[in-house]
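These are my notes from a first look through one protein model. I wrote down each thing I looked up and what came back.

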Amino acid sequence: MRISVSCTTAAPPARVWAALADISSHIEWMLDAESITFVGDRRRGEGTTFDCRTRVGPLVLRDRMVVTGWDEGRAIAVQHDGAVSGNGVFEIRPYGAGTDIAWTETLTFPARLGGRLTAAAARPVLTWIWRGNLRRLVRNVGGIT
C-alpha cells in the first residue's frame with residue numbers, strides 16, 4: 001500500500017527542515033507516534049535508528065525505523081521494520097518564500113494482521129491522520145496551511 005500526502009506552508013525551508021531533522025520532536029506533531037526511543041547515540045543522519053511506538057485507534061505497534069537516506073535540507077528516508085514494514089520519505093522543496101512538504105509511505109501489512117484487506121481499510125484512515133500530522137507540523141513551524 002502506498003500513501004502520499006503533501007501541503008504547502010509559508011514557513012521557509014530551513015525552518016521546516018529543522019523540524020523534520022529533529023526526529024525526537026516528531027511526537028509533537030504526529031498524532032499516531034506516541035514515543036520515540038533512539039537505539040545508539042545517533043540522533044540525525046543516515047544510520048540513525050529508533051523505535052517508534054505507534055497507535056492507530058486500538059492498534060498499538062512498535063516499529064524499528066532506520067534512516068536510510070539523508071539529503072541535508074531536502075529529504076529524509078526511513079525503513080520500517082516491525083509488524084508493518086515498508087519505507088517512507090519526507091521531502092521538502094522551496095515554494096516561493098515558503099515550502100512544499102511531501103510525505104510518502106509504502107507499507108506492507110502481514111497476513112497475521114489481515115494483509116491486503118487491512119491495508120485497504122487502513123489507507124483512508126492513515127491518509128487522514130497523516131494529513132493532520134502535516135497540518136500540525138505546519139502550525140509548529142509557524143506556517144499557514
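**Entry 1: the pocket.** I began with the lining of the largest pocket in this predicted model, and α2 gives the most to that lining, with 5 residues. I then asked which other elements take part. At least two residues each come from β2 (33-39), β3 (49-56), β4 (59-71), β5 (75-81), β6 (85-95), β7 (98-108) and α2 (115-140). The lining of the largest pocket has 31 residues, and those nearest the centre are Asp32, Thr54, Met65, His80 and Trp130. I sorted the lining by class and noted 23 nonpolar, 5 polar and 3 charged residues. For the volume of the largest pocket I wrote down about 510 Å³.

**Entry 2: the overall layout.** I went back to the whole chain and listed its secondary structure: 2 helices and 7 strands. In sequence order the pattern reads β-α-β-β-β-β-β-β-α. Next I checked the radius of gyration, which is 15 Å; the globule rule gives 15 Å for 145 residues, so the protein is as compact as a globular protein of that length. The C-alpha trace spans about 45 × 35 × 20 Å along the principal axes.

I also looked up burial and contacts for the protein. Of its 145 residues, 46% count as buried. Among contacts with a separation of 6 or more, 47% are between residues 24 or more positions apart.

**Entry 3: aromatic rings.** How many aromatic pairs does a search of the whole structure find? The search finds 6. One of them joins tryptophan 17 and tryptophan 70, edge-to-face, at 5.4 Å centre to centre and with 80° between the planes. Tryptophan 17 sits in helix α1 (residues 13-21) and tryptophan 70 in strand β4, so this pair ties together parts that are 53 residues apart in sequence. I checked both tryptophan 17 and tryptophan 70 for exposure, and both are buried. Elsewhere, ring pairs link Trp29, Phe90, Trp103 and Trp130 into a cluster. I recognised Trp130 from the first entry, where I had listed it among the residues nearest the pocket centre.

**Entry 4: helix α1.** I wanted to know which residues of α1 are buried. They are Val16, Trp17, Ala19, Leu20 and Ala21. I then followed what these buried residues pack against, and the list is β1 (2-9), β4, β5, β6, β7 and α2.

**Entry 5: two residues between α1 and β2.** I picked methionine 30, in the loop between α1 and β2. Is methionine 30 buried or exposed? The relative accessible area is 12%, under the 20% cut-off, so methionine 30 is buried. Leaving out residues up to four places away in sequence, methionine 30 touches Phe90, Trp103 and Asn133. Phe90 and Trp103 are also members of the ring cluster I noted above. From methionine 30 to alanine 18, 12 residues apart along the chain, I noted a C-alpha separation of 16 Å.

Serine 24 lies in the loop between α1 and β2 as well. Its relative accessibility is 37%, so serine 24 counts as partly exposed. Serine 24 and valine 56 are 32 residues apart in sequence, with 19 Å between their C-alpha atoms.

**Entry 6: valine 66.** This residue is in strand β4. At 23% relative accessibility, valine 66 counts as partly exposed. I listed the residues that valine 66 touches, not counting those up to four places away in sequence: Thr48, Thr49, Ala77, Val78 and Gln79. I also looked up the separation of valine 66 and asparagine 140, which are 74 residues apart in sequence and 24 Å apart from C-alpha to C-alpha.

**Entry 7: glycine 142.** My last stop was the segment after α2, where glycine 142 is placed. The relative accessible area of glycine 142 is 52%, so this residue is exposed; the cut-off for that is over 50%. Where does proline 12 stand with respect to glycine 142? The two are 130 residues apart in sequence and 9.5 Å apart in space, C-alpha to C-alpha.

Key. Residues are numbered from 1 along each chain as its sequence is written. This is a predicted model: local features need pLDDT of at least 70, side-chain atom pairs count only at pLDDT 80 or more; totals for chains, interfaces and linings use all residues. Side-chain values use heavy atoms; hydrogens and water are left out. On a 1 Å grid over the protein atoms alone, a cavity is a set of points where a 1.4 Å probe fits but cannot get out, and a pocket is an open set with protein on both sides within 12 Å along at least five of seven lines; lining residues have an atom within 4 Å of a point. Grid points are joined across faces, edges and corners, and a volume is the space filled by probe spheres set on the points. Helices (H or I, at least four residues) and strands (E, at least two) are DSSP runs, numbered from the N terminus. Ala, Val, Leu, Ile, Met, Phe, Trp, Tyr, Cys and Pro count as nonpolar, Asp, Glu, Lys and Arg as charged, and the others, Gly among them, as polar. Rings of Phe, Tyr and Trp (its six-membered ring) pair if their centres lie within 6.5 Å; planes under 30 degrees apart count as stacked, over 60 as edge-to-face and the rest as tilted. Buried means under 20% relative accessible area, exposed over 50%, partly exposed in between (1.4 Å probe, protein chains only). The radius of gyration is taken over C-alpha atoms; the globule rule is 2.2 Å times the number of residues to the power 0.38. Contact means heavy atoms within 4.5 Å.
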